[in-house]
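Trainee: I am new to this structure and would like to look closely at a single part of it before I try to follow the rest. Could you choose one helix and take me through its surroundings, and then through the packing elsewhere?

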Amino acid sequence: MTARGKYGRAAILATAATGLALAVSSCGLFGERGPVKIAAMGTLNPGATPLTGELSTGNAALLDATSQGLVSYDGEGQIDTGLADRWTVTTDGRSYIFRLREAKWTNGRKVTAEEVAAILRSYLAPASRHILKSDFPEIETIKAMTDTVIEIRLSVPQPTILELLAQPSMAIVNKGMGWGPMRSRRIGRAVLLSPVPDPLAEDPEAAEAAAHDPAASIELVGTSPAGALARFKNGYADGVIGGRFSTLPYFVASNIGRSRLVVDPVPGLFGLAFLRAEGFLATDVNRDALVRAIRRERLVEAFGLAEWQPQVSLRPALYARDGGPAPLVPAWADYDEASRIAQAKRIVDAWRGGGHEIDPVRIAVPDSPGGRILFAYVSADFAAVGVPSRRVAMASAADLRLIDEVAPNDDALWALRRLSCRRDTLCNREAQELIDQATANIDAGQRRAQIGEAEAVLARYAPFIPLATPLRWSVASQRLTGLRANGRAQHPLNHLIARPN
């Protein structure tokens with residue numbers, strides 16, 4: 001991997017991360033046969049479930065290890081088996097039939113298809129807080145066909161549904177109990193994860209002994225970004241997971257070798273969503289002026305990673321397997337930076353010339369080194385066209401709030417749904433109707449056209465300021481041969497190293 005210069009504007013990032021003190025020692029303290037030690041940025045709560053809303057990196061990794069969904073991701077970001085060891089899809093693409101493997105809950109009771117179907121239905125229930133609840137509009141029914149077979153029936157084909165089902169938030173958790181492929185126990189502030197013995201093994205004692213091999217175990221701890229990197233620097237961790245743009249300055253300040261950094265090339269949404277259409281922000285034209293005003297290349301270069309790229313479209317460039325429509329590039333993208341700024345300034349001046357005031361735009365970004373850098377650049381670009389702004393906390397009342405999300409699948413509609421008529425977005429009814437029509441349309445050609453029309457309507461409405469691709473990064477020692485960059489930013493704990501012989 002390459003970088004702009006050494007770290008681009010490393011001095012800026014290092015200053016933002018003042019207070020991070022890491023020792024220079026990097027010797028391994030535990031050897032190659034001890035548990036793999038992983039430090040996750042953020043909290044670690046063994047009691048967290050998919051129904052509690054968005055999961056921290058540590059909680060998602062823990063659920064994925066102890067309570068995998070019907071399917072899972074492997075270390076390359078590809079679909080792998082999970083609780084289901086095989087599945088079939090009917091020729092019309094509307095029925096997915098999963099056969100469950102032999103598995104037991106933590107209390108030793110056998111996992112049944114009816115329990116699993118009920119858990120999945122609870123995730124999609126109207127009152128659920130599940131973060132992917134709105135991403136399964138095609139599902140009609142989830143039912144157990146036998147004690148070991150589940151059918152998910154769709155109203156229209158959804159070729160990317162397996163990618164959604166493989167997300168850690170689709171973990172199969174039964175009243176706090178998981179089934180595997182690993183089991184956990186607390187050891188102080190950390191959680192020790194060991195493989196679940198094969199229930200079909202010919203020699204159960206040998207299977208149990210193999211599962212207790214320390215080299216097959218994972219020790220997971222949740223901590224602050226500075227703490228996670230300090231653990232790695234001092235040899236107390238083999239890897240760090242959960243890095244985002246907001247915490248990248250800590251990595252720069254740590255002086256950990258650039259070769260240890262793993263950056264995932266993920267598509268998704270990273271930008272500022274308008275939360276209200278009042279005052280200066282009431283008109284499409286004024287919101288579009290702010291969209292144009294941002295100097296994206298300058299902002300991204302401030303963080304110094306060549307892997308992080310600017311983005312101008314509402315939809316990300318996905319690895320579309322169905323030949324889906326390419327994202328709509330706005331017309332203003334053909335103009336140079338000076339022309340775009342001049343266009344935006346004329347719109348702002350015309351608003352003021354009509355006798356209108358412009359209140360400071362409240363921008364909600366994370367209170368972190370990266371968040372403060374992001375605000376500084378966005379605020380400067382707004383000021384250059386005559387719009388004042390101020391930074392507020394993510395949970396505070398705001399006019400613009402950061403969205404930083406990886407696309408959970410390759411569905412061309414995902415980003416449009418995310419930016420239309422949600423609690424944290426503006427709502428354009430014309431665009432939403434087109435999105436609903438495309439969702440329900442079984443004709444591929446008509447669906448493509450409706451997606452294009454919906455995107456064009458949203459682009460004119462300007463509900464969102466796209467800034468860049470999402471940034472996801474990890475740190476890996478040489479021991480973590482299974483922690484590889486992938487387009488899903490998925491690094492399952494049970495795939496981090498090869499199983500011992």
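Mentor: Let us begin with helix α2, whose buried residues are G58, N59, A60, A61, L62, L63, D64, A65 and T66, keeping in mind that this is a predicted model. Because nine of the 10 residues in this helix, which runs over residues 57-66, are buried, α2 is largely enclosed by the rest of the structure. What surrounds these buried residues is a group of strands, since they pack against β1 (36-41), β8 (182-187), β9 (190-195), β10 (218-223) and β11 (239-244).

From there we can turn to the nonpolar packing, where the general background is that nonpolar side chains tend to be buried together in soluble globular proteins. The largest nonpolar core here has 60 residues, and within it I465 and W473 touch the most other members. Helix α11 (residues 369-384) contributes the largest share of this core, with six residues. If neighbours within four places in sequence are left aside, the contacts of I465 include F270, L272, F274, L290, V291 and I294, and also F382 and L400. Separate from this is a second core of 39 residues, among them L55, L70, W105 and A166.

One last residue deserves a careful look, namely S477, which lies in the segment after β18 (472-476). Its relative accessibility is 17%, and because buried means under 20%, S477 counts as buried. Beyond its neighbours within four places in sequence, S477 is in contact with F232, D238 and R260.

Technical notes. Residues are numbered from 1 along each chain as its sequence is written. This is a predicted model: local features need pLDDT of at least 70, side-chain atom pairs count only at pLDDT 80 or more; totals for chains, interfaces and linings use all residues. Side-chain values use heavy atoms; hydrogens and water are left out. A nonpolar core is a set of buried Ala, Val, Leu, Ile, Met, Phe, Trp, Tyr and Cys residues joined through side-chain atoms within 4.5 Å. Buried means under 20% relative accessible area, exposed over 50%, partly exposed in between (1.4 Å probe, protein chains only). Helices (H or I, at least four residues) and strands (E, at least two) are DSSP runs, numbered from the N terminus. Contact means heavy atoms within 4.5 Å.
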